[in-house]
Amino acid sequence: MERLALLGGKPVSTEPWPETNTIGQEEKKAVCEVLDSGVLSQFKAASGPDFLGGPRVKKMEDAWGEYFGVKHAVSFNSLTSGLYACIGAAGICPGDEVIVAPTTMVASVTCALVYGGIPVFADIDPDTFCLNPASIEAKVSPRTKAIVLVHLFGYPADVDKVMAIAEKHGLVVIEDCAQAPGAKLRGQYVGTFGHMAGFSLNYHKIIHAGEGGVIVTDDDNLALRLRLIRNHGEVLVAEMGVTELMNTFGGNYRMTEIEAAIAGEQLKKLERLVQPRVELGDYLSDRLGQLPGIKPSRPDEPSSRHVYYMYAMRYDEQTWGIPRELFVRAIRAEGIELRERYVQPVYLEPMFRHKVAFGRGFPFSSRYYGAEINYEPGLCPVAEAAYGHELIFGKFCRWPLTTKHMDEIVVAFEKVYARRTELVAAYV
Ligand SMILES: *Cc1c(COP(=O)(O)O)cnc(C)c1O
């Protein structure tokens with residue numbers, strides 16, 4: 001076998017991998033139609049049909065709802081805005097606790113703060129990197145009102161177990177499916193279990209419109225409240241006869257007709273984009289899973305579906321005898337874009353460590369919150385271990401990559417494993 005590239009040998013992968021671009025003629029045509037119409041957004045913060053946006057927004061929402069088999073789909077200008085609206089619609093008040101994941105894109109945590117809620121971090125599972133239901137249950141208190149469950153990296157989290165916990169304690173469940181459109185838990189789409197669920201249409205996601213988000217729900221009242229928050233609900237409540245005013249004042253979280261037109265075309269491609277991801281991910285897991293000290297995160301049930309927004313694995317430093325950082329350097333030298341350190345556990349960010357979100361200590365030390373919240377290191381040991389030395393991942397399972405690229409990953413891993421003593425001799 002060739003010498004390690006990090007030690008001067010020839011890399012396993014010598015050709016650059018193709019980029020992914022899912023935008024084609026369909027999107028171009030749809031956008032041109034909007035431009036030709038001259039109406040780039042039809043939303044109005046006033047009663048009447050335009051309160052709910054223009055024709056493309058409505059059409060895309062209908063298609064989204066039909067695709068996932070849910071009653072209501074409500075579009076937003078981002079999922080971040082959509083999550084704010086979910087927290088508002090859920091009736092979160094200052095001092096209410098919301099159980100969240102430490103390992104996630106920050107908006108799935110900060111959404112709670114916008115309404116004065118207190119994010120309470122539960123720990124993750126070491127193999128799936130999604131919230132561990134037992135840890136969620138351990139964090140439930142008399143103040144808990146909601147759970148934000150993230151299907152991280154496209155893995156279908158244990159949402160049915162989380163729903164059972166929520167039912168027992170009367171909690172609202174918001175699924176964050178930003179990274180998991182098309183993922184399934186035992187044959188059922190994630191995003192259809194919780195009281196509300198959100199998808200992102202940000203550029204980095206599996207399908208995108210540049211920016212955008214969609215919240216789905218089967219609950220008429222939640223849908224109404226989401227729509228009020230999206231579009232200045234304060235001027236609509238009287239006319240609509242809404243008497244529960246709390247959190248109905250709104251922002252401008254509206255999607256434009258252009259984004260909706262692109263999103264509609266992207267939704268049509270979702271399955272075509274997801275299916276190859278699943279095939280590549282399964283192919284890779286079959287092979288990498290044979291290596292000692294590498295545990296791909298893969299659902300046990302064949303009817304569950306991971307969509308591999310990121311291909312994530314658990315790396316065991318002990319087995320390999322090399323620190324993760326050196327391992328990742330060695331693999332990267334072979335031409336494989338393996339990564340470590342996804343995001344640090346969110347509670348380690350200065351805003352949480354110093355408990356400063358808004359002014360005057362709000363919401364953490366406000367009189368509405370009669371408890372002391374802990375955001376100290378050590379809070380979620382599994383999340384910290386994943387960040388510190390266990391999690392490795394890459395954007396490997398994407399169109400138009402093929403099994404040839406997956407084979408390069410496998411060969412690079414095998415090569416580094418076979419020659420790991422040389423790495424140790426040179427660097428450790
Ligand atoms: C991207 C992302 C978001 C936020 O989505 P935006 O549309 O970019 O606001 C929320 N949660 C997770 C897990 C994400 O990956």
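**Strands, pockets and unusual backbone in a predicted model**

Isoleucine 99 has valine 120 in E3 as its bridge partner. The model is a predicted one, and this pair makes a handy way in. The two strands involved, E2 (residues 97-100) and E3, run parallel and are joined over four bridges. Helix H4 (residues 107-114) comes between them in a β-α-β unit, and the unit formed by E2, H4 and E3 is right-handed. E3 itself, residues 118-121, is covered on both faces. Ile118 and Val120 are buried on one side, while Pro119 and Phe121 are buried on the other. In a regular strand, side chains point to one face of the sheet and then the other in alternation.

Strand E8 (residues 196-200) tells a similar story. Five of its five residues are buried. Met196, Gly198 and Ser200 take one side and Ala197 and Phe199 the other, and both faces are covered. E8 pairs with strand E5 (residues 172-176) in the parallel sense, through three bridges, and here aspartate 176 sits opposite glycine 198. Its pairing with strand E9 (residues 213-217) is antiparallel and counts four bridges. In that pairing, phenylalanine 199 is matched with valine 214 of E9.

Further along the chain there is an open sheet of four strands, ordered E10-E11-E13-E12 and paired antiparallel. Strand E10 (294-296) and strand E12 (339-340) hold the edges; each has a single partner strand, so one side of each is left without a neighbour in the sheet. Between strand E11 (residues 311-315) and strand E13 (residues 391-394), the antiparallel pairing covers four bridges. Arginine 314 stands opposite leucine 391 in E13.

Helix H13 (residues 381-390) contains glycine 388. This glycine counts as partly exposed, at 33% relative accessibility. Leaving out neighbours within four places in sequence, glycine 388 is in contact with Arg324 and Arg341. The first of these contacts spans 64 residues in sequence, with the C-alpha atoms of glycine 388 and arginine 324 8.8 Å apart in space. Arg324 belongs to helix H11 (residues 324-333), where it is buried along with Leu326, Phe327, Val328, Ala330 and Ile331. After H11 comes glycine 335, with a positive phi near 95°.

Now for the pockets. The largest pocket has a volume of about 650 Å³. It is lined by 21 residues, and those closest to its centre are Glu19, Thr20, Tyr203, Lys395 and Arg398. Its lining is a mixed one, with eight nonpolar, six polar and seven charged residues. The second largest pocket comes in at about 280 Å³. Of its 13 lining residues, Lys59, Ala261, Gly264, Glu265 and Lys268 are closest to the centre. Helix H1 (25-37), helix H2 (55-68) and helix H9 (257-288) are the elements that each supply two or more residues to this lining. H9 gives the largest share, six residues. By class, the lining of the second largest pocket splits into seven nonpolar, one polar and five charged residues.

Several loop residues also deserve a look. Asparagine 231 lies in the loop between helix H7 (220-230) and helix H8 (237-240). Asparagine 231 is nevertheless buried, with a relative accessible area of 0%. Not counting residues up to four places away in sequence, asparagine 231 touches Phe43, Lys44, Ala45, Asp50, Phe51, Gly251 and Arg254.

Most residues other than glycine have a negative phi, and most peptide bonds are trans. Phenylalanine 153 goes against the first of these trends: its phi is positive, about 65°, although it is not a glycine. The residue is in the loop between strand E4 (144-150) and helix H6 (159-169), and is buried at a relative accessible area of 1%. Arginine 186, also not a glycine, has a positive phi of about 45°. It is placed in the loop between strand E6 (184-185) and strand E7 (188-189). Arginine 186 is partly exposed, with a relative accessible area of 38%.

Cis peptide bonds turn up before two prolines. The bond from phenylalanine 362 to proline 363 is cis, with omega near 0°, and proline 363 falls in the loop between helix H12 (350-353) and H13. Tryptophan 399 and proline 400 are likewise joined by a cis peptide bond, with omega about 0°. Proline 400 is in the loop between E13 and helix H14 (403-418).

How values were computed:
Residues are numbered from 1 along each chain as its sequence is written. This is a predicted model: local features need pLDDT of at least 70, side-chain atom pairs count only at pLDDT 80 or more; totals for chains, interfaces and linings use all residues. Side-chain values use heavy atoms; hydrogens and water are left out. Buried means under 20% relative accessible area, exposed over 50%, partly exposed in between (1.4 Å probe, protein chains only). Two strands pair if DSSP finds at least two bridges between them. A crossover is right-handed if, with the strands pointing away from the viewer, the path from the first strand over the helix to the second runs clockwise. On a 1 Å grid over the protein atoms alone, a cavity is a set of points where a 1.4 Å probe fits but cannot get out, and a pocket is an open set with protein on both sides within 12 Å along at least five of seven lines; lining residues have an atom within 4 Å of a point. Grid points are joined across faces, edges and corners, and a volume is the space filled by probe spheres set on the points. Ala, Val, Leu, Ile, Met, Phe, Trp, Tyr, Cys and Pro count as nonpolar, Asp, Glu, Lys and Arg as charged, and the others, Gly among them, as polar. Contact means heavy atoms within 4.5 Å.
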